[in-house]
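Me: Please take a close look at one residue in this model and describe its surroundings. After that, go on to a helical part of the chain and tell me what is covered and what is open.

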Amino acid sequence: MYCPFCRHDSSRVVDSRTLEDGSGIRRRRQCPVCSKRFTTVETTSLTVVKRSGAAEPFDRSKVINGVRKACQGRPVSADDLAVLAQEVEEVIRASGNAEVDANDVGLAILGPLRTLDVVAYMRFASVYRGFENLDDFEKAIDELRREEQEPAGQAATVVQPRFGFR
């Protein structure tokens with residue numbers, strides 16, 4: 001790590017802390033030559049591979065924009081969408097893989113969205129689970145109703161996204 005003041009090629013780490021959202025590490029560093037201190041932020045890169053094969057960095061705003069369409073006319077705030085995007089990123093990062101398919105990002109959205117708003121969940125799921133006819137909607141609605149009727153002690157089965165990576 002080069003010192004931004006004197007360009008010396010090494011520095012000493014004085015303090016390390018995890019960022020509030022858990023997405024990286026903030027390090028306080030000191031240069032052994034000029035003794036000035038500076039801060040670095042270290043994050044891991046997360047790449048989304050699209051259907052076309054093109055790769056791009058993960059972007060929370062794209063998650064928010066995609067979910068916002070499903071939430072039109074629903075009582076969902078911008079803060080709710082920001083929290084949902086953070087949860088999705090945490091789930092994807094927890095997989096431990098640097099590359100994730102775009103479809104897996106969509107599937108990772110389903111769990112938090114279901115908790116947030118079931119109508120928005122159904123709208124979004126109809127695309128990502130590939131609903132082709134009314135029977136598919138009826139099956140998904142029946143599944144939601146069954147889970148609502150389960151006793152409080154039983155945990156509902158939540159479909160977790162699969163992460164099949166190369």
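Reply: Gln 30 belongs to strand β2, which spans residues 24–30. The model is a predicted one. Gln 30 has a relative accessible area of 17%, and because buried means under 20%, Gln 30 counts as buried. Its side chain makes a polar contact with the backbone oxygen of Ser 35, at 3.2 Å. Leaving aside residues up to four places away in sequence, Gln 30 touches Ser 11, Arg 12 and Val 14, and also Ser 35, Lys 36 and Arg 37.

Now the helical part. Helix α4 covers residues 118–128, and its buried residues are Ala 120, Tyr 121, Met 122, Phe 124, Ala 125 and Ser 126. These buried residues pack against three helices: α1 (60–70), α3 (102–116) and α5 (134–149). In an α-helix there are 3.6 residues a turn, so residues three or four places apart point the same way. At the start of α4, a side-chain oxygen of Asp 117 comes to within 3.1 Å of the backbone nitrogen of Val 119. After α4 comes Gly 130, with a positive phi near 65°.

One of the packing partners, α5, also contains Phe 137. Phe 137 has a relative accessible area of 30%; this residue is classed as partly exposed because that value falls between the limits of 20% for buried and 50% for exposed. Together with Leu 134 and Ile 141, Phe 137 forms a nonpolar surface patch, and the three have about 260 Å² of accessible area together.

Definitions and conventions
Residues are numbered from 1 along each chain as its sequence is written. This is a predicted model: local features need pLDDT of at least 70, side-chain atom pairs count only at pLDDT 80 or more; totals for chains, interfaces and linings use all residues. Side-chain values use heavy atoms; hydrogens and water are left out. Buried means under 20% relative accessible area, exposed over 50%, partly exposed in between (1.4 Å probe, protein chains only). Helices (H or I, at least four residues) and strands (E, at least two) are DSSP runs, numbered from the N terminus. Contact means heavy atoms within 4.5 Å. A polar contact is a pair of N or O atoms within 3.5 Å; within protein, one must be able to donate a hydrogen and the other to accept it, and residues adjacent in sequence count only if both atoms are side-chain atoms. Patches are made of residues with over 30% relative accessible area and no salt bridge: like charges are joined within 9 Å, nonpolar side chains (Val, Leu, Ile, Met, Phe, Trp, Tyr) within 5 Å. Accessible areas come from the Shrake-Rupley method with a 1.4 Å probe; for residues, only the protein chains shown count as cover. A salt bridge is a side-chain nitrogen of Lys or Arg within 4 Å of a carboxyl oxygen of Asp or Glu.
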